[in-house]
Amino acid sequence: MKAGRDEITYVGPFDATMETSLDDLQEFIAIGGVCRCEREGWIDRYEARRKWRDAVLGSLQPRLRC
Ligand SMILES: [Zn+2]
């Protein structure tokens, strides 16, 4: 089924984390992550951008805290 423009589509686990930075993802894409305690959550991408600039996603992983 093709998703319409108003639907939310789960893209799933993202593989290219060392080749993709925050700015590479369009603004409507929500980013999730996993804390070191293994809890999952959504990331405030604007806060992440402010703190870590245009970091590649893979470099954010160790810095995530819930
Ligand atoms: Zn945690």
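Which residues does Asp23 touch, not counting residues up to four places away in sequence? In this predicted model, Asp23 touches Arg49 and Asp54 under that condition, and the legends below begin with a view of this residue.

**View 1. Surroundings of Asp23 in the segment before β1.** Contacts of Asp23 that leave out residues up to four places away in sequence are made with Arg49 and Asp54. The relative accessibility of Asp23 is 43%, a value above the 20% limit for buried residues and not over the 50% required for exposed ones, and Asp23 therefore counts as partly exposed. Although Asp23 and Leu57 are 34 residues apart along the chain, their C-alpha atoms are separated by 9.9 Å.

**View 2. The zinc ion and its protein donors.** Three cysteine sulfur atoms, the SG atoms of Cys35, Cys37 and Cys66, are the protein donors and lie 2.2 to 2.3 Å from the zinc ion. The spacing of these donor residues in sequence is C-x1-C-x28-C. Cys35 is buried, because its relative accessible area is 9%, whereas Cys37, with a relative accessible area of 43%, is partly exposed.

**View 3. The largest nonpolar core.** Seven residues make up this core, namely Leu22, Leu25, Ile31, Ala48, Ala55, Leu57 and Leu60. For Ala48, the contacts that remain once neighbours within four places in sequence are left aside are those with Leu22, Ile43 and Arg53.

**View 4. The largest pocket, with a volume of about 960 Å³.** The lining of this pocket comprises 27 residues, and those closest to its centre are Gly12, Ala30, Ile31, Gly32 and Trp42. Two or more residues of the lining come from each of β1 (31–34), β2 (40–43) and α2 (57–60). Sorted by class, the lining residues are 16 nonpolar, nine polar and two charged. Ile31, one of the residues closest to the pocket centre, is also a member of the largest nonpolar core.

**View 5. The second largest pocket, with a volume of about 260 Å³.** Of the 17 residues that line this pocket, Trp42, Ile43, Leu64, Arg65 and Cys66 are the closest to its centre. The elements that contribute two or more residues to the lining are β1, β2 and α1 (45–52). The lining divides into eight nonpolar, two polar and seven charged residues. Cys66, listed among the residues closest to the centre of this pocket, is also one of the protein donors of the zinc ion, and Trp42, likewise among those closest residues, is also named among the residues closest to the centre of the largest pocket.

**View 6. Two loop residues with positive phi, Glu38 and Arg53.** Most residues other than glycine have a negative phi. Glu38, which is not a glycine, nevertheless has a positive phi of about 80 degrees, and its place is in the loop between β1 and β2. Because its relative accessibility is 66%, Glu38 counts as exposed. Arg53, again not a glycine, has a positive phi of about 55 degrees and lies in the loop between α1 and α2. With a relative accessibility of 62%, Arg53 also counts as exposed, and Arg53 is one of the residues in contact with Ala48 when neighbours of Ala48 within four places in sequence are left aside.

Key. Residues are numbered from 1 along each chain as its sequence is written. This is a predicted model: local features need pLDDT of at least 70, side-chain atom pairs count only at pLDDT 80 or more; totals for chains, interfaces and linings use all residues. Side-chain values use heavy atoms; hydrogens and water are left out. On a 1 Å grid over the protein atoms alone, a cavity is a set of points where a 1.4 Å probe fits but cannot get out, and a pocket is an open set with protein on both sides within 12 Å along at least five of seven lines; lining residues have an atom within 4 Å of a point. Grid points are joined across faces, edges and corners, and a volume is the space filled by probe spheres set on the points. Helices (H or I, at least four residues) and strands (E, at least two) are DSSP runs, numbered from the N terminus. Ala, Val, Leu, Ile, Met, Phe, Trp, Tyr, Cys and Pro count as nonpolar, Asp, Glu, Lys and Arg as charged, and the others, Gly among them, as polar. Donors are N, O and S atoms within 2.8 Å of the metal (3.2 Å for Na, K and Ca); water is not among the atoms, so sites may look incomplete. Buried means under 20% relative accessible area, exposed over 50%, partly exposed in between (1.4 Å probe, protein chains only). A nonpolar core is a set of buried Ala, Val, Leu, Ile, Met, Phe, Trp, Tyr and Cys residues joined through side-chain atoms within 4.5 Å. Contact means heavy atoms within 4.5 Å.
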